[in-house]
Structure formats: structure tokens, C-alpha cells
Amino acid sequence: MFQKIIIYQNPIQDWLIAAGIAILFYAAVYVAKRVIHRKLASFAEKTATGWDNLLAGFIDRLNPIFILVLAVYFGSLKIVLPGNTHIFLGHTLGIIALIQFGILLSHAIHFWVERFRKKKIESNAGAVTTLISVGFVLRMVTWIILLLIGLDNLGINITTLIAGLGISGIAVALAIQNILSDLFGSFSIVLDKPFVIGDFIVIDSYMGTVEHIGLKTTRIRSLSGEQLIFSNADLLKSRIRNYKRMMDRRVVFSIDVVYETSYEQIKSIPNILQGIIEKMDQVRFDRAHFSAYGDYALQFEVVYWVLNPDYNVYMDIQQAINLEIFRRFSDAGIQFAYPTQALIMQASPDGAGLANAATP
């Protein structure tokens, strides 16, 4: 009975067989995808290699539309389709296959970039920053090549198209020159490396740790927790202080003592300060001098170097120095100065009364 019913030059029995092939193929591939992905994901959690994780990612990114078109194409081989329908299905499958291949290749590039980033972010942040931008360029080139292949398969003359894009590209470049400026700024940061991911930098009054260097913006995590976002082009025009590359830290601080301090005590203070600092670890003493007569105090200036760029190390050392100075000055009877005013009372020249004058 089914052989007698003809639809578009094919018995209905062939249509049913073709539909069955398509449905069975789609169901089999879809179920296999889920089962294999679950098994691979479970296995990948127990191993340290990256290949199983990459393969699990490939399986997970098999698009259902790609599987459906593939199933329809295989089912259509059982029947005779009118006109150029088979050619249309072939082109459709080819385009979707190219898109699927691009998705898988982009995932592979992203996977290895992320894997390298996690392994090298602490030891080689500069290489990580470079690789992230190289990964983007590779993905972009991949999609451009696949697009040209797809257009060529559709019978479009890509040579003429490329020539036309070259002419129109000038107009587009003028329209998006700000975006291009940031894009080239990103490449400049990657190649010149004024900073890399993980560096602590200061731009004008803003400071923080570099979290991400993108194609248009660079993102910095500030000390107070919020994320600061800078345009790459504007960032390169700014004066940047990179504290991560500081080999050691120069520290200058001053101490004020009262004018009532004796000559012998004043003479001993630089030696006391030098002895305190030289006993500290990771420190190189530079100098300690009686530097100036202040408005209400005798001023001493001290300079030393911390041989570690870490800010917490510097603060721990400065705290230890301050505590030891307080103890040694207390033992020596040396008093710290603080802002004071002296009120001097004296008789007026005509003897009529008292005059007063306030002096600091």
C-alpha cells in the first residue's frame, strides 16, 4: 500500500524510512554525546592531564543543530529530492560543519591559553599576558579563514570580495578609529609590557592590581575592592608607576625632639638610630642626620632601604623600628617633640603694666 502513494517522486515508504534513519541517527548521536561526556567529565576529575578535559569540552560543544542537520542529510540519501535540494542540503551541512569546527577550534585555543595562564600566572605573568592576546588573534584568524572557505564553497568569488573589503575597510577604520586606537593600545601593552597581569600599578590617583588586559580596556582591582576600568589608549598616555617591578624600597622618615635635649643626647641620636636600623633583617642603612631647627623641635632625618618590595614587609620593619626607637629614647631620657606655644610675660617699657607675646 505504501508503495502506491508517491510524494515528490518517492513512495511514502521511502519517506518513512528516511525519517526513521534521521530520527535514529539524531537520537543515537545525542544519547552517545551525553553518555560519553558524563564518563569523560568523571574521568577527567581523577586525572591531572589536560587531554581528557579538552575531549570532554569537545563532546559538550557538539551543537544539537549540527547533529540535526547531519541526521537530515543522511536520511535524505534514501530518497530522491527534487531539483537542487540535495545540493542545498550539502551546502547547508558544509556551512554548519565549518561553524561547528570553528567552535571546537576556538575552544581548544581558549582551553590551552587558560591552562597556561593558571600554571604560569605566578612565575611568568608577562608570557601569560602575551599569550592571551595571541589566543584572541588566533581565534579571529580562524573564523576569518572559515568564513572565506564557506563563501568559496557557496560559489562566491572571494578575490573580488577581499578587494571590495579593502576599499570599504578604509571608511570603516575612520568610523571606528577610537576602537582601533584601543585595540592597538592592547597590542602595545602586550608587546612592550609596561605592566602585566598581577602587577600593582598607580595611575594618577588610582591604584590597584592588574586583573585583565583586554582588547579595548584594562581592568584593575583597587585596594578598596572595586574594579577600575581604563581605556587602553588613555592608559598608555598616562604616567604609570609599577610597584611590582620595584627591587627594593627607599624609606625616609623624620623624628622631632624637644629643644631642651642636651648636646650630648643630640650627638648620640644618629648613632642610636643607625644601630636600631642595622639590626633589622632585609634592611640596608643609608644615613641618619640632625637635619634642621624646626619651629618647635630639633629635626632628625633617617634614610634606609628595605631589600624586599613587599609593602607588608616594609610596614613590619617600620613598626619594629618605631617601637625600638621609643624604647631607646625612653631609656636615654630623650623626649619627643609636639607642637607647643610659649607665653612670655614681661613689663611694658613705660612701666604701666605687663605685655605678653606668644612664641611657638
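In the predicted model, the hairpin of β3 and β4 has 2 residues between its strands, and D204 takes a positive phi near 55° there. Strand β3 covers residues 200–203 and strand β4 covers residues 206–213; the two pair in the antiparallel sense over 4 bridges. Within this pairing, I203 has Y206 of β4 as its bridge partner.

Strand β3 also pairs with β7, again in the antiparallel sense, over 3 bridges. Here the bridge partner of I203 is I240 of β7. Residue I203 is thus bridged to Y206 in β4 and to I240 in β7.

These strands belong to an open sheet of 5 strands with antiparallel pairing, arranged in the order β6-β5-β4-β3-β7. The edges of the sheet are formed by β6 (227–231) and β7 (240–242), each of which pairs on one side only. On average, and with direction ignored, neighbouring strands of the sheet are turned by 40° against each other. In general, the strands of a sheet pair through backbone hydrogen bonds, in either a parallel or an antiparallel manner. Towards the β6 edge, strand β5 (residues 217–222) pairs with β6 over 5 bridges in the antiparallel sense. One of the residues involved is T217, whose bridge partner in β6 is S231.

The largest pocket of the model holds about 360 Å³ of space. It is lined by 13 residues, and those closest to its centre are F200, Y243, R249, P309 and Y311. By class, the lining consists of 7 nonpolar, 2 polar and 4 charged residues.

Note on methods
Residues are numbered from 1 along each chain as its sequence is written. This is a predicted model: local features need pLDDT of at least 70, side-chain atom pairs count only at pLDDT 80 or more; totals for chains, interfaces and linings use all residues. Side-chain values use heavy atoms; hydrogens and water are left out. On a 1 Å grid over the protein atoms alone, a cavity is a set of points where a 1.4 Å probe fits but cannot get out, and a pocket is an open set with protein on both sides within 12 Å along at least five of seven lines; lining residues have an atom within 4 Å of a point. Grid points are joined across faces, edges and corners, and a volume is the space filled by probe spheres set on the points. Ala, Val, Leu, Ile, Met, Phe, Trp, Tyr, Cys and Pro count as nonpolar, Asp, Glu, Lys and Arg as charged, and the others, Gly among them, as polar. Two strands pair if DSSP finds at least two bridges between them. Axes are lines fitted to C-alpha atoms, for helices over the stretch in contact, and angles run from 0 to 180 degrees between N-to-C directions.
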